[in-house]
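Here's a quick walk through one protein model, written for someone who'd like to find their way around it before heading back to the bench. Keep the viewer open as you read.

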Amino acid sequence: MPAVSKSVITKTLFEELEKVEGFPYNSEELYGFLKETDFKIPKKSENIRATSAYDCFLKENKSGKGFGDNSNLKDLWTLIKSNPDQLDKYQNIANEINKKKGLVGSNNAKSSNAKLISQLISLKQEQSTLHGKHFEIKPHFYGKKPHTSTNNYKQWKLSSLKFPPNHVLSKNILAQYKIDDHFDQKIYTSAQPWYNYISTHMTHI
């Protein structure tokens with residue numbers, strides 16, 4: 001369960017104090033007193049939230065009920081993510097909406113993170129070249145955990161299927177591949193063809 005924010009705790013406390021019989025201050029006065037102390041409450045962000053491809057997908061496919069009542073949407077979204085053309089359709093809609101919000105130059109966190117990692121990898125390659133080291137051009141791994149058995153298996157499988165490293169396999173398809181390849185997350189030794197695949201055949205930070 002996520003931690004409760006300071007602002008929520010403070011608001012709840014002040015509202016309860018107001019209900020105490022004989023308590024002489026209201027919430028507005030209490031906030032005034034709070035401003036005179038060293039207790040800081042983070043200000044609410046005034047940034048406009050960027051619309052994502054997933055937001056556009058939900059808007060088009062949601063039946064008007066809660067997400068839990070649309071159980072088929074989860075599998076449908078997984079299939080769309082594995083289809084670049086379909087995913088681009090929703091991303092383009094989101095980009096247009098973000099332009100209207102004045103977020104023309106905005107990128108989602110994932111793409112920004114990928115761009116940063118790509119720049120760091122390029123810098124790493126440049127440094128190796130400057131020091132006279134031969135640096136083989138390899139595909140980039142943008143994930144955070146290049147040494148886990150699961151990530152190494154995924155990248156090995158994508159490569160064997162001739163897919164790019166950022167391709168997303170649907171949950172059901174990946175599960176079937178794992179069965180076919182006898183993948184076991186707990187067993188990770190040099191006997192598996194995906195052992196240390198990322199470190200050996202890819203570039204990562």
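Is Lys 162 buried or exposed? Lys 162 is exposed, at 74% relative accessible area. Bear in mind as you look around that this is a predicted model.

## The overall picture

The protein is built from nine helices and zero strands, so reading from the N terminus you just get α-α-α-α-α-α-α-α-α. Of its 205 residues, 24% are buried. The accessible surface comes to about 15,300 Å², and carbon and sulfur atoms own 55% of that.

How much of the contact list is long-range? Taking contacts with a separation of 6 or more, 59% join residues 24 or more positions apart.

## Helix H5 and its two sides

Helix H5 covers residues 84-100, which makes 17 residues. From first C-alpha to last it reaches 24 Å, close to the 24 Å expected at 1.5 Å a residue.

Which residues of H5 are buried? They are Tyr 90, Ala 94 and Asn 98. Looking down the axis of H5, the buried residues fall within an arc of 85°, so they line one face of the helix. Swing round to the face turned away from that buried side and you'll find Asp 85 and Lys 100, both exposed.

## Two nonpolar cores

Nonpolar side chains tend to be buried together in soluble globular proteins. Here, the largest nonpolar core has 11 residues, including Phe 141, Trp 156, Phe 183, Trp 194 and Met 202. H7 and H9 are the elements that give two or more residues to this core, and the largest share, three residues, comes from H7.

Leu 174 is another member of that core. Leaving out residues up to four places away in sequence, Leu 174 touches Tyr 153, Lys 154 and Leu 169. Apart from this core lies another one, of nine residues, and among them are Cys 56, Leu 58, Tyr 90 and Ala 94. You've met two of those names already: Tyr 90 and Ala 94 are buried residues of H5.

## Buried polar residues in H7 and H4

Lys 157 sits in helix H7. Is this lysine, Lys 157, buried or exposed? Lys 157 counts as buried, with a relative accessibility of 10%. Setting aside residues up to four places away in sequence, Lys 157 touches Tyr 177 and Asp 181.

Over in helix H4, which spans residues 72-81, there's Thr 78. Thr 78 is buried too, with a relative accessible area of 18%, where the cut-off for buried is under 20%. Once neighbours within four places in sequence are ignored, Thr 78 is in contact with Ser 170 and Lys 171. The C-alpha atoms of Thr 78 and Val 168 are separated by 8.6 Å, although these residues are 90 apart along the chain.

## Positive phi in the loops

Most residues other than glycine have a negative phi. Back to Lys 162, then: this residue has a positive phi of about 65° although it isn't a glycine. Lys 162 is in the loop between helix H7 (149-160) and helix H8 (171-180).

Asn 196 is also a non-glycine with a positive phi, of about 55°. Where is Asn 196? Look in the loop between H8 and helix H9 (197-201). Asn 196 counts as partly exposed, at 27% relative accessibility, whereas Lys 162 is exposed.

Methods: Residues numbered from 1 in each chain as written. Predicted model: local features only at pLDDT ≥ 70, side-chain atom pairs only at ≥ 80, totals over all residues. Heavy atoms only, no water. Helix = DSSP H or I, 4+ residues; strand = E, 2+ residues; numbered from the N terminus. Expected span 1.5 Å × (residues − 1). Buried < 20%, exposed > 50% of the residue type's maximum accessible area, 1.4 Å probe, protein only. Arc of directions from axis to C-beta. Contact = heavy atoms within 4.5 Å. Core = buried A, V, L, I, M, F, W, Y, C linked by side-chain atoms within 4.5 Å. Areas by Shrake-Rupley, 256 points an atom, 1.4 Å probe, with all protein chains shown as cover.
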